[in-house]
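Thanks for making time. I'd like to walk you through one structure this morning. Please have the sequence and the model open.

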Amino acid sequence: MEIKWDTKLYCLIGQPINKSLSPIIHNNIFKLLNQNSIYLAFNIEENEIKSTIDGFKAMGVEGFNVTIPYKKIIIKYLDDISKEASVIGAVNTVKNYNGKFIGYNTDADGFLQTFYDNNIDIKNKNILIIGAGGAAYAIASSMAIKGVKSINIANRTLENSIQLGKSVSKLNNEILINIVNLDLNNLNKKKIDIIINTTSLGMYPLENMVPLELNGFSSSTIVYDIIYKPCETRLIREAKFKGFRTLNGLSMLLNQAILSQNIWGNLDGKINIEIFKKIEGILPSYIE
């Protein structure tokens, strides 16, 4: 693509972002759409967020994505956020509306779409979520709205687990919320239907780490690691070895990326299947 003075700029900010597939996905979408746009990724420190946002505004950046670990803290630097992002308490997509940056969250719908695509019904299921960051808020909120039976939260910082639990309870006070230790010694593992890792454990440079041990869970348990690179984290490999059904984060990433493009006004429709399939076919060569 030839970059011109009027090429539209879209971005990703986070820490770390050197393994992100978002530039591959979005730039290929722009190519398929024959659109004069480019998507760049920026690795920034927390104390650089405000100056980065100010710079984006000055340059007229059309929109940007936010990834780990800034999905919650980014909110205070934006002009406004959508109702869904407010409910979830996290933002992963920002659109420039005439100089004002408005935050949205596409993680929730992107996450749920994976279950729809795999014919998995989550209603009345018992869920274990590892982590309590921005992605965990989106996932827990979406599952609460869909009527899971219980959400068990394990995180290294107890206070963050408690805050996430309170947030979920506000959405659906009929759901049983349990705060469990990271060693899971206060959890009835046999009753867990779905395990979801929302932490960065398993992603570069932590690819040799796992967020939990899988001993003691029912053989019917589904293990969902939202990390997509590597395609098979150590957690996924261990889950497969034990015979669990597994899901990785690639479909969630693709779905939320397409939903981001919808927000930016580049695509029509909730999930563009044609675009999804074409990008899905491109990605394997970029995944370790």
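Let me start with a question: which residues lie nearest the centre of the largest pocket? They are Ala132, Gly133, Asn155, Arg156 and Thr199. Before I go on, one caution: this is a predicted model.

Back to the pocket. Its lining counts 30 residues. Two elements, α5 (134-145) and α6 (158-171), give two or more residues each to that lining. The largest share comes from α5, with 3 residues. The space in the largest pocket is about 750 Å³.

What is the lining made of? In the largest pocket, 16 of the lining residues are nonpolar, 11 are polar and 3 are charged. And where do they come from? Domain 1 and domain 2 each give at least three residues to the lining of the largest pocket.

That brings me to the domains. The chain splits into domain 1, which is 8-104 + 252-286, and domain 2, which is 108-247. Note that domain 1 is written as two segments. Taken over C-alpha atoms, the domain centres are 24 Å apart. The contact involves 21 residues of domain 1 and 22 residues of domain 2.

How much area is buried between the two? About 1800 Å². Carbon and sulfur atoms give 68% of that area. On the domain 1 side, look at Lys19, Ile88 and Met252. Together they supply 35% of the area that domain 1 buries against domain 2. No other three residues supply more.

How many salt bridges cross this interface? The rule finds 0 between domain 1 and domain 2.

Now the enclosed space. There is 1 cavity of 30 Å³ or more. The largest cavity holds about 470 Å³. Its lining has 28 residues. Nearest the centre of this cavity are Thr67, Ile68, Lys71, Tyr228 and Leu253. Both β3 (63-66) and α8 (250-264) supply at least two residues of the cavity lining. Here α8 has the largest share, 3 residues.

The cavity lining divides into 14 nonpolar, 10 polar and 4 charged residues. Domain 1 and domain 2 each contribute at least three residues to this lining too.

Next, the charged pairs. The structure as a whole holds 7 salt bridges. I'll show you one of them. Lysine 50 and aspartate 54 meet through their side chains, at 3.0 Å from N to O. Why would two such side chains pair at all? Side chains of opposite charge can do so when their charged atoms come close. In this case both partners sit in helix α2, residues 49-59. Lysine 50 and aspartate 54 are 4 residues apart, about one turn of the helix.

Last topic: the backbone. As background, most peptide bonds are trans, and most residues other than glycine have a negative phi. I have three places to point out against that.

Start with glutamine 15 and proline 16. The peptide bond between them is cis, with omega near 0 degrees. Proline 16 lies in the loop between β1 (8-14) and α1 (22-32).

Now go to isoleucine 68 and proline 69. They are also joined by a cis peptide bond, and omega is about 5 degrees. Proline 69 is in the loop between β3 and β4 (80-81). We have met its partner already: Ile68 is one of the residues nearest the centre of the largest cavity.

Finally, asparagine 34. Its phi is near 55 degrees, a positive value in a residue that is not glycine. Asparagine 34 is placed in the loop between α1 and β2 (37-43).

To close, keep two spaces in mind. The largest pocket is about 750 Å³, and the largest cavity is about 470 Å³. Domain 1 and domain 2 both help to line the pocket, and both help to line the cavity. Thank you.

Terms used: Residues numbered from 1 in each chain as written. Predicted model: local features only at pLDDT ≥ 70, side-chain atom pairs only at ≥ 80, totals over all residues. Heavy atoms only, no water. 1 Å grid on protein atoms, 1.4 Å probe; cavity = no way out; pocket = protein on both sides within 12 Å on 5 of 7 lines; lining within 4 Å. Points joined across faces, edges and corners; volume = space filled by probe spheres on them. Nonpolar A, V, L, I, M, F, W, Y, C, P; charged D, E, K, R; others polar. Domains from an automatic or database assignment. Contact = heavy atoms within 4.5 Å. Buried area = accessible area lost by both parts, 1.4 Å probe. Salt bridge = Lys/Arg side-chain N within 4 Å of Asp/Glu carboxyl O.
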